[in-house]
Amino acid sequence: MAHVAFFVIAAIAVGSALGLILRPNAIHGALFLVVNLGSVAALYLMLGAEFLAAAQVIVYAGAIMVLFVFAIMILIPGKEESGPDPRRGARIVALPVGGLLMLLLVFVIAARWNAPRGSAAAVGRLLFTSYLFPFELTSVLLLAAMVGVMLLARRRA
Amino acid sequence: MVPESYYVALSAVLFSIGVVGVVIRRNPLVIFMSIELMLNAANLALVAFGQRIGNLDGQAVVFFVMAVAAAEVAVGLAIIVTIFRVRRRLSVDDLSVMRW
């Protein structure tokens, strides 16, 4: 049963990832990425990482993707990648290279391979004990990103 | 119980798709989304490894990756919007210089 669920979710994840990189329209790509992030959240749940599944939906599928969709709607008025590709060579080489990388990763990692539950309480305890300093650094990082974005996006008068 | 190696294999597949996306696409926004795909694949691998080892440190690291990804997306999209304001075009082939 768990195997069936895994393969269905994995198929959705791979299919939506392929949709992201193959559809010419960026907004379709963004929606495919939302599907992909959701399916990975489902996989987190199957791995027992409940907190991360919730954070994935809230942070990735929520905040980050809304930002992406906004940027796409502002920057690309319904346009697709058009015209002849000036770098056809890269496109032809990309498939074998990507396929080789995939095979390498799958075989190297999975071949040499032969559990507590990640509830919000357990992860939170870990974050506020052994990972307290990185956690505080994260807040500084987010603040710096916020200030930087305001500086970049401000209209120079 | 699905073995963790399946998750790691799926993570490798998603990562490779992200790499291909970065190589074949010209729209910086789509390239950005492919990078998100790769980060996500790495997260999946981290959670699977953590499950295998039996502690929660992998999940803590994934939390930090998510925070860094959020910061990265905010700054990256601001840069893309700024470039678009100057250039009025959106193709990475045009962007070979940082200053003009």
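## The shared nonpolar core

The largest nonpolar core holds 63 residues, and those with the most contacts inside it are Tyr44(A), Leu14(B), Leu29(B), Met33(B), Leu44(B) and Val47(B). Two or more residues of this core come from each of H1, H2 and H3 of chain A, and likewise from helix H1 (4-24), helix H2 (28-53) and helix H3 (57-87) of chain B. H1(B) makes the biggest contribution to this core, at 12 residues. Keep in mind as you read on that this is a predicted model.

Leu29(B), one of the residues with the most contacts inside the core, is a handy place to start looking around. Leaving aside residues up to four places away in sequence, Leu29(B) touches Ala26(A), Phe68(A), Ala71(A), Ile72(A) and Leu75(A), along with Ile80(B).

## Where the two chains meet

Let us turn to the contact between the chains. Chain A brings 68 residues to the contact and chain B brings 59 residues. On chain A, at least two residues of the side that touches chain B come from each of helix H1 (2-22), helix H2 (26-46), helix H3 (50-75), helix H4 (88-111), helix H5 (120-127) and helix H6 (132-153). H3(A) has the largest share of that side, with 12 residues.

What classes of residue make up the side of chain A that touches chain B? That side has 57 nonpolar, eight polar and three charged residues.

## The layout of chain A

Chain A contains six helices and zero strands, giving the pattern α-α-α-α-α-α when read along the sequence. Of its 157 residues, 23% count as buried. The chain is divided into domain 1 (2-79) and domain 2 (119-157), and the C-alpha centres of domain 1 of chain A and domain 2 of chain A lie 22 Å apart.

## Two helices of chain A in detail

H1(A) has 21 residues and runs 30 Å from its first C-alpha to its last, close to the 30 Å expected at 1.5 Å a residue. Its buried residues are Ala10(A), Ala13(A), Ser16(A), Ala17(A), Leu20(A) and Ile21(A). These residues sit on the same side of H1(A), because they cover an arc of only 135 degrees around the axis. The face turned away from that buried side carries the exposed residues Val4(A), Val8(A) and Ala11(A). The cover over the buried residues of H1(A) includes H2 of chain A, together with H1 and H2 of chain B.

How far apart are the end C-alpha atoms of H2(A)? They are 30 Å apart, which agrees with the 30 Å that 21 residues should span at 1.5 Å a residue. Just after H2(A), Gly48(A) adopts a positive phi of about 85 degrees.

## Two residues to visit

Is Asn43(B), in helix H2 of chain B, buried or exposed? Asn43(B) is buried, because 25 other C-beta atoms lie within 10 Å and the cut-off for a buried residue is 20 or more. Not counting residues up to four places away in sequence, Asn43(B) touches Val62(B) and Val65(B). The C-alpha atoms of Asn43(B) and Leu14(B) are separated by 11 Å, with their positions 29 residues apart along the chain.

Ala153(A) has its place in helix H6 of chain A. With 14 other C-beta atoms within 10 Å, Ala153(A) is partly exposed. Apart from residues up to four places away in sequence, Ala153(A) touches Ala78(B), Val81(B) and Thr82(B).

How values were computed: Residues numbered from 1 in each chain as written. Chains lettered and ligands numbered in written order. Predicted model: local features only at pLDDT ≥ 70, side-chain atom pairs only at ≥ 80, totals over all residues. Contact = placed C-beta atoms within 7 Å. Helix = DSSP H or I, 4+ residues; strand = E, 2+ residues; numbered from the N terminus. Nonpolar A, V, L, I, M, F, W, Y, C, P; charged D, E, K, R; others polar. Domains from an automatic or database assignment. Core = buried A, V, L, I, M, F, W, Y, C linked by C-beta atoms within 7 Å. Buried ≥ 20, exposed ≤ 12 C-beta atoms within 10 Å, placed from the backbone. Expected span 1.5 Å × (residues − 1). Arc of directions from axis to C-beta.
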